[in-house]
Every structure is written in C-alpha cells, then in structure tokens.
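User: Hi! I'd like a close look at a single part of this model, with enough of its surroundings to see how that part fits in. Could you take me through it in one connected answer?

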Amino acid sequence: MSTTRFIANKTARAATQKVDVDFLSVKHAKVARDFFSTIDGYAPTPLVGLPALAADLGVASFHVKDESKRFGLNAFKVLGCGFAIANHICEVLDTPISEMSMEKLCSAEVREAVGEITFVSATDGNHGRGVAWAANKLGQKSVIYMPKGSAKARLDNIRAEGADASITDMNYDDAVRLAWQNSQEKGWVMVQDTAWDGYEKIPGWIMQGYTTLAFEALEQFEEQEGARPTHVFLQAGVGSFAGGVQGLLAARYGDDRPKTVIVEPELADCIFRSAQAADGDPHFVTGDMATVMAGLACGEPNTVGWGILRDYSDGYISCPDWVAANGMRMLAAPKGSDPKVISGESGAVTTGIVECIMHRPELAAIRENLELDESSRVLVISTEGDTDPEMYRRITWYGAYPEVDE
Ligand SMILES: Cc1ncc(COP(=O)(O)O)c(C=O)c1O
C-alpha cells in the first residue's frame, strides 16, 4: 500500500490521566540551552519564514527551523547525545550540569578524574556523528554500529570524527541490541537515542537536550510573528525527538499548546501503528524498513517518547517516501523570494505532508480535522540537511521518488 493515512487522537485534549512531562519543562530546556551556549560555535539555528509558500498553501505563516546549521554537523542530533554525554560525565564527577561548561568538560583535570570512556551507539548516521563529535571533543573514544544500507557518506562523516564506525548487516533495532550487548560485555557506555524498560536515564537526557531547539524555535517564533505557532508537525523515528519537543510544548502551554501532528514513513510507522492499536502500548514494525527517510527507519518506539506522543499529540500520519522527496524539492526551489532551505529526506517530510494536506482534495478531511486554514501559523523542523549528498542530488536534480496519485 502506498497512501497517506491519518489517525486523530480524540483524547489529546481530554482531561484524562497523562504522563508527566515535567522533565521537559522550560526550566530543563534552559539548562540544556545554557550548556550548549558554552560551546564554541553555538548559535540558535535559523527559523526561516516562507511567506510565499504560506500564501500558496493558504495558511497565515509557514516557518522552518533549519537544523542543518547545528554546529556544522548538518543535523540536530548532537543536541541529544551531546547533552547526555555531558550529563553522564557530570554524574561521575557529582557536579550539576548547570555548573558545567564545555571548556571544563574538556579540561585535563576532568579527563583525569573520569578516566578513559568508550561511548557506543547504533545509528543511521546523524546520531552517530553527534556521539563521535562529542566523544572526540572530550578526548574519549566512540564505537558506532550502522544498519545495513547506510550511506557511505554518512559512515565517512562519523569516521572523520575519530569513531570506530562500521555498517552492519542488521536493521536499526538489531544494531541497537548489538551495541547494548557490547556495552554490557566491554564496560562501554551506551548512548542510545531510544529508551526501553530499564534503559531510560540516558534517553531522558537526550530528550532534554532536544528541547534546546524547541525552546529556541518558540523564542524566535514569538520574535518574528508576535505569537506562538498554532500547528507543529514533527517527524518520528523512535519518537525521542518528537517526544522531547511535544513534552516542552505540553509542559509550557498546557491545554493551550499548539496542535501537534506526528509524521512517519509508511515503511517504519511504529508510532502510527501504536496509536492505531489503541491499547496504549508501543507496537513494533520489523524487517528492513527500506524507506528513503533513513533517520526515521526505526521500528520500535522509545517507551518514554511513546507515552508522551500517545497522551499529548493531536494526530499521527503515515505517508509514502515521495512526500519527503516533494518536501526536499519544495525547500530546494522555493516560491517567489522565499529563501532556500537545504533539507534531507528525514528533514523535509513534514513540509511535504503539509503541502499534501493543504492541496489534495482527498486529504481534505485531515485539513478539517486539524483546523488548518488561513489563520494557521505552521512550524516544521528540518532536522537534517543533505546528509546523503548523492541521494539529495538524485531527488532534487533528477526527480527521484516522483509524486504519485493516491
Ligand atoms: C534527521 C533526523 N530527523 C528525525 C529523526 C527522528 O528522531 P527520533 O528517532 O528520535 O524519532 C532522526 C533520527 O535519527 C534523524 O536523523
């Protein structure tokens, strides 16, 4: 099947018992942002307004937070693993992260106090590059396992940060199990961007780290628009990123939070399927999950992230790969004098889906359900740039993954 599917969450706004999102509140987001601002090269990534696109879609405004500009790493992921690694070291030193700076963390004194650490992770690329970058800056080691089919350019970027990185013959979720097994056998510290029962502390820090970008985006949105967004579209792999952002929105705005929609590739739609099952539990997708959205090719939801998305998100979308490809093309060749945004497969799917929802008659019911209209202020986050340059070119130059009538 290749078609866009939508599930509305009827209880998102109901007064039902919901999981606690206090650990993602503004107070915690500020601690994360303050830590990152001690790193050389820190600057909020741009929030790019696209007025011509907004007019074309029939909404009041459309903004893209451009995470390709994050510390020169072409993706947002370092916000999670960098914050988790810093927290881990702070915990060993028994120092609160609010009193720690990157300079201190990199000092010989800290290096001597914590000794040699190997950080291990499984990743399609972006998270691994962040882990390798952070470990490298701290003078520590990293080992990275990538799922089969991972792009060579992404492997090379991880190796360039000094990691011992390899492409395995496993899917993402099995590569996670391999990393876990080795962490247990070899005494390595696993920095995985997903949680399961019994492994929640590091993923919790990762989700807190991601709130940095949401916090920045809300500040920038207020500055540029004098108001908060009415709709936020968030892409999900395991749901740590979406859960972190959703958590901050819920903690900060309560029932007045923007409408939030979770978007996934149909070949790896574990959050969508969990919502569809309606029993409250996470449900898995297995197999190769050969979606072009490599960053979203995950079949097992983060247990903590899933609880947040289940309780607070307004809807879930499962869509074909061409939607992401369309989003990339739209942002690469903008309308009128809108600025261009270089957005990769996992970064552009939310732009692609908003365009489909606003223009396609067969998706009118989604538009109506979400009350998307000329008064809507839409926020999407382009979570990566052209992290697979070859694929970026195939899609934006040669039209790979063309639009299909549903
Ligand atoms: C570019 C990009 N966007 C979004 C995501 C989704 O994040 P999560 O797996 O936390 O849902 C990823 C994950 O690797 C990613 O690389």
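User: Which residue follows α11, and what is the sign of its phi?

Analyst: Happy to take you through it. Please keep in mind that this is a predicted model.

The residue that follows α11 is alanine 278, and its phi is positive, near 55°. Alanine 278 takes this positive phi although it is not a glycine. In the chain, alanine 278 belongs to the loop between α11 and α12. With 11 other C-beta atoms within 10 Å, a count that falls under the cut-off of 12 or fewer for exposed residues, alanine 278 is exposed.

The helix that comes just before has another character. Helix α11 covers residues 270-277, and its buried residues are Cys270, Ile271, Phe272, Ser274 and Ala275. As a reminder, an α-helix has 3.6 residues a turn, so residues three or four places apart point the same way. The buried residues of α11 pack against two kinds of element: the strands β1 (5-8), β9 (259-265) and β10 (315-319), and the helix α12 (303-312).

The loop holds a second residue worth a look. Methionine 289 also lies between α11 and α12, and its phi is positive at about 50° although methionine 289 is not a glycine. Its setting is the opposite of exposed: methionine 289 is buried, with 23 other C-beta atoms within 10 Å. So the loop between α11 and α12 includes an exposed residue, alanine 278, and a buried one, methionine 289.

For contrast, there is a positive phi on a glycine after another helix. Glycine 226 comes just after α9 and has a phi of about 65°. Helix α9 runs over residues 201-225, which is 25 residues, and spans 36 Å from its first C-alpha to its last, close to the 36 Å expected at 1.5 Å a residue. Of those 25 residues, 18 are buried, so α9 is largely enclosed by the rest of the structure.

Helix α9 also brings us to the domains. The protein is divided into domain 1 (5-75 + 203-396) and domain 2 (78-192), with C-alpha centres 25 Å apart. Their contact takes 35 residues from domain 1 and 30 residues from domain 2. On the domain 1 side, α1 (26-36), α9 and α16 (389-396) each supply at least two residues, and α9 gives the largest share, 8 residues. By type, that side of domain 1 divides into 20 nonpolar, 9 polar and 6 charged residues.

Next comes a strand, β11, at residues 377-382. Here 6 of the 6 residues are buried, so β11 is largely enclosed by the rest of the structure. In a regular strand the side chains alternate between the two faces of the sheet. On β11, one side carries Arg377, Leu379 and Ile381, the other carries Val378, Val380 and Ser382, and both faces are covered. Strand β3 (residues 61-66) pairs with β11 in the parallel sense over 6 bridges, and histidine 63 stands opposite leucine 379. Strand β8 (residues 231-235) also pairs with β11 in the parallel sense, over 3 bridges; there, histidine 231 has valine 378 as its bridge partner.

A separate piece of pairing is the open sheet of 4 strands, with the order β6-β5-β4-β7 and parallel pairing. Its edge strands are β6 (164-167) and β7 (189-190), each pairing on one side only. Strand β5 (residues 141-146) joins β6 over 4 bridges in the parallel sense, with valine 143 standing opposite aspartate 164.

Finally, the ligand, since you may want to know what lies around it. There are 21 residues surrounding the ligand, and the closest are Gly237, Ser240, Gly295, Thr383 and Glu384. Two or more residues of this shell come from each of α6 (126-137), α10 (240-253) and α14 (345-359), and α10 has the largest share, with 3 residues. The shell divides into 7 nonpolar, 10 polar and 4 charged residues, and at least three of its residues come from each of domain 1 and domain 2.

To return to your starting point: alanine 278 follows α11 with a positive phi near 55°, and alanine 278 is exposed, whereas methionine 289 in that loop is buried.

Notes. Residues numbered from 1 in each chain as written. Predicted model: local features only at pLDDT ≥ 70, side-chain atom pairs only at ≥ 80, totals over all residues. Near = placed C-beta within 6 Å. Nonpolar A, V, L, I, M, F, W, Y, C, P; charged D, E, K, R; others polar. Domains from an automatic or database assignment. Expected span 1.5 Å × (residues − 1). Buried ≥ 20, exposed ≤ 12 C-beta atoms within 10 Å, placed from the backbone. Pairing = 2+ DSSP bridges. Contact = placed C-beta atoms within 7 Å.
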